[in-house]
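Trainee: I would like a close look at a single part of this structure. Please take one strand and show me what surrounds it.

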Amino acid sequence: MGINKNNSESLEKYHKIFIEQTPTAIAMLDNNMVYLAISQRWLKDYKLEEQEVIGRSHYDVFPEIGDDWKEHHKKCLQGAVDTCDEAPFQRADGSLQWIYWDVRPWYTTNGEVGGLLMHTGDITHQKEKDLEKKRIEEILEKTNEIARIGTWDLNLITNEVYWSEMVREIHEVSEDFIPTMEASKNFYEETESRDRFVNTVRDSMLKGTPFDLELEIITAKGKSNWVRVVGQPEILEGKCTRLFGIIQDINKIIQSEKALSKAHSELQGIFNSKAIAIITADKNGFINRFNQGAEEILGYSATELVGSKRPDVFLVKEEIAEFRKNLVQSFNKDPSLIDPVEYLKSHDLNNTREWTYRRKNGDTFPVLTTLSSLKNDKGENEGFIAVATDISKLKKVENELLKKNQLLNFAEELSMIGHWQWNTVLDKVEWSQNLYTLVELDEEFVDLKFDTYFSFVHPEDKEIVTHYFDKAVKNKEFYSFTHRIVTTSGKTKTIQLLGEVITNKKGEVIEMIGTGQDVTEIKMAERKFRGLLESAPDAMVIVNEKGKIQLINKQSEKLFGYTPEELFEKSVEVLIPEKLYPSHTSHRKNFSHTPKAREMGSGKELYGVNKIGKKIPIQISLSPLHTEEGLLVSAAIRDITKQKLAESKLIEAKENLEHIAQKLSKQNKQLADFTHITSHNLRAPVANLNSLMELYNMSESEPERIDLLDKFETVIQHLTLTLNTLIEALKTKITDTSEGLENVDLNDVLKSTNEILSGVILKSGAIVKGDFSNVSTITYNKVYMESIFLNLVGNAIKYKSEARAPEIFITSEVENGKIILKFKDNGLGIDLERHRHKLFGLNKVFHRHPDAKGVGLFLTKTQIEVMGGSISASSKVDVGTTFTINFN
């Protein structure tokens with residue numbers, strides 16, 4: 001008889017009720033793996049009590065089910081049965097369950113598979129117990145080996161002794177060693193342990209008492225070792241017939257106990273220290289320990305605080321509130337919902353920070369305090385310990401360091417130096433604040449790489465920068481160099497880079513560090529110095545303290561025939577005769593000890609040697625230059641070949657005059673009056689010539705010698721008039737002004753002047769213009785012309801008005817067939833009523849400027865007049881000055 005639809009539905013409903021009330025974990029699913037019915041045990045085992053499961057897919061409820069299980073389910077829906085005694089089930093929340101299952105199909109009244117019945121069980125607890133048991137068995141199996149425990153047995157009837165393998169190992173005996181009672185006894189340290197062992201064993205045999213001893217043995221290899229000996233007597237018919245037991249190697253334990261004892265003593269010493277405050281509080285916050293160091297720094301005695309006060313007696317309320325707030329934030333809790341103190345009773349604390357403590361007398365001071373939880377043997381918090389150190393001195397030092405660091409930052413800013421650090425492996429770069437300033441980059445730009453800096457390098461200097469950095473990587477050494485950069489605002493600056501290469505143990509470059517300094521103005525000053533050096537009429541040689549040549553000018557190249565490269569870092573003695581080397585070296589060292597401006601070799605004839613070995617008579621003036629790199633010596637060297645020739649001719653003329661005077665004195669006796677007058681007039685000039693020659697030989701400066709030469713000419717002219725053509729006037733050959741003449745472009749000279757003075761032009765904001773449309777070139781000594789421009793433009797800037805930026809206007813004109821140059825400025829002006837007579841005098845100054853030396857105008861006038869020209873000035877105070885140069 002068939003079952004009608006109503007009966008089928010009733011049966012299915014009955015099955016669902018049966019499944020729901022089954023005490024085991026069982027679930028009924030349809031062909032689509034959708035839940036039809038589940039037991040309460042199923043919900044509990046899989047923690048689904050809070051979920052609505054009926055009507056949901058099995059795979060939605062358990063998204064962690066893998067494809068392998070799904071394949072088994074498909075087979076079961078086709079009639080298969082799947083069972084498993086145990087398997088791990090990794091849940092989506094990360095937990096692990098061990099389960100068994102029986103999955104099989106259920107059939108409809110038509111004999112078709114209606115779905116699956118899943119019967120499972122959570123055996124996690126049992127599985128964990130099994131695993132724990134297995135672990136314990138493994139641990140027990142290795143315990144004896146790890147604990148180094150061996151067994152021993154003494155048969156008192158046969159006197160045979162048995163030692164296990166571990167006992168033999170503990171005593172460090174060989175495998176063929178046969179233990180005896182006497183031999184066993186002899187292993188124990190004889191001063192104390194042996195007597196204890198013998199007496200204890202005897203008592204055990206007589207009284208039948210077990211024993212447990214810790215003794216020291218000396219092994220067969222002579223090592224001291226501590227062992228635990230446990231013995232148990234065996235009594236037969238009232239007589240001890242056997243002793244047996246264990247021996248454990250406890251040497252490490254004994255040593256640990258000693259170390260622990262030592263550590264305890266050290267901790268006790270720390271606790272008793274006067275330098276460290278140690279304060280403990282119970283879980284309710286009351287102080288229960290207060291060491292001597294705490295008494296020392298806080299001024300309270302332990303009896304005043306222990307058991308009755310909390311730490312807030314010496315803490316600042318605001319800091320306590322801040323501390324609690326920080327704690328709450330570290331717990332990720334709402335401050336209004338928890339009490340930090342109560343929360344800490346069940347949570348760990350380990351916090352180090354600065355606190356302000358208040359002494360009993362009210363004084364406050366900074367301390368560094370480490371606050372930690374104290375736990376009992378169950379891991380429960382029993383209170384807290386604070387270890388505090390007075391850091392007043394440290395803070396003082398720290399503040400001093402901060403001040404010095406600030407000063408260092410100021411120094412870096414003033415010197416326009418910035419420092420950098422480049423991790424070459426990660427291509428990560430760090431800059432100091434000043435380096436950002438140098439390139440005019442916002443400090444918020446922090447993603448710095450090597451290419452960041454390289455992007456600022458001047459296009460024409462990128463190749464040299466690449467070359468030096470590649471060279472640093474190759475040679476593991478950084479070579480200092482300078483290059484130009486273009487800042488974000490378009491300014492061009494010159495930067496000097498210094499650095500150091502850092503390598504790892506393999507010698508690979510991992511980092512470079514260094515500094516970058518803005519040397520733009522320094523380079524400008526160098527060009528100005530070079531310009532002044534080249535404008536000097538004498539040969540100039542710059543030498544360092546070691547006597548090594550650092551710099552020469554064009555005049556030196558002409559005089560000695562060497563290029564600057566040939567003389568750089570060469571000893572200055574290469575320019576003097578070889579026989580003078582020893583004395584010159586001594587004189588050079590003496591000068592470095594007491595450097596001052598003076599002439600060299602006063603009263604002596606000095607000679608230099610050029611490249612081809614020719615000796616040249618010279619005069620030398622020495623001047624010290626104090627620089628950051630040390631003492632430099634500037635030597636101004638003048639070729640006096642022509643002067644020596646003039647001296648020779650003067651001496652010859654004097655001798656000829658004396659000879660003529662003697663000859664004339666012997667002539668016509670009849671002309672006695674004339675002879676007397678002539679003789680008188682000749683003797684006085686000759687005597688004067690002798691005196692002049694003596695003064696000339698004694699003179700020390702060039703101006704004095706020139707003045708004496710002028711006097712020689714006057715005397716000779718007087719003799720010429722007196723003797724009426726008896727002799728010809730002796731003429732002094734002076735410098736041939738036609739030498740060194742060339743066509744000088746005034747625009748080029750002004751351009752060179754602006755380049756040399758670019759630093760002060762920039763600093764002062766000066767405007768320097770020239771109009772040479774009337775006359776653009778002039779035949780002149782170019783060195784002199786450059787010197788004239790440099791001095792007059794430089795003075796106009798130096799003596800500028802504080803009320804306005806300097807303006808200098810230079811023009812060329814032709815008046816009456818002569819070329820005129822005018823230098824007009826708007827500076828301080830000169831009071832010509834007071835100073836006209838000394839305007840171009842040597843060492844004459846008219847303003848209280850710190851750099852005023854009174855040399856520029858004198859030098860300018862001298863150079864103009866040597867070339868046959870003249871210079872004059874018109875000026876008005878606080879309006880400006882105009883210098884007019886007439887080139888005859």
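Mentor: What follows is a walk around strand β33, then the core beside it, and last a second region for reference.

The model is a predicted one. Strand β33 covers residues 880–887. Of its 8 residues, 7 are buried, so β33 is largely enclosed by the rest of the structure. Buried here means under 20% relative accessible area.

Begin with the strands that pair with β33. One partner is β32, which runs antiparallel to β33 and is joined to it over 7 bridges. Within that pairing, Ala873 has Phe883 as its bridge partner. β32 and β33 also make a hairpin, with 3 residues between them. In the turn, Asp878 has a positive phi of about 65°. Another partner is β31, again antiparallel, with 6 bridges to β33. There, Lys822 is bridged to Thr884.

Now turn to the packing. β31, β32 and β33 are among the elements that each supply at least two residues to the largest nonpolar core, a set of 37 residues. Other contributors include the strands β29 (777–781) and β30 (807–815), and the helices α25 (746–756) and α29 (856–866). The helix α27 (782–798) is on that list too, and α27 gives the most to the core, with 9 residues. Ile885 is one of the residues with the most contacts inside this core, as are Phe823, Tyr780 and Phe789.

Phe823 shows how these pieces meet. Leaving aside neighbours within four places in sequence, Phe823 is in contact with Thr881, Thr882, Phe883 and Ile885, among others. Its contacts also include Phe789, Leu792 and Val793, as well as Phe809 and Ile810.

A second, separate core has 25 residues, including Trp422, Leu435, Phe450 and Phe481. Trp422 belongs to strand β16 (residues 417–423), where Gly418, Trp420 and Trp422 form the covered face. The uncovered face of β16 holds Ile417, His419, Gln421 and Asn423. The reason for such a pattern is that side chains in a regular strand alternate between the two faces of the sheet.

β16 has partners of its own. β16 pairs antiparallel with strand β20 (residues 509–518) over 7 bridges, and Gln421 has Ile513 as its bridge partner there. A further 4 bridges join β16 to strand β17 (residues 428–431), also antiparallel, with Trp420 opposite Trp431. The hairpin of β16 and β17 has 4 residues between the strands, and Asp427 takes a positive phi near 50°.

Conventions
Residues are numbered from 1 along each chain as its sequence is written. This is a predicted model: local features need pLDDT of at least 70, side-chain atom pairs count only at pLDDT 80 or more; totals for chains, interfaces and linings use all residues. Side-chain values use heavy atoms; hydrogens and water are left out. A nonpolar core is a set of buried Ala, Val, Leu, Ile, Met, Phe, Trp, Tyr and Cys residues joined through side-chain atoms within 4.5 Å. Buried means under 20% relative accessible area, exposed over 50%, partly exposed in between (1.4 Å probe, protein chains only). Contact means heavy atoms within 4.5 Å. Two strands pair if DSSP finds at least two bridges between them.
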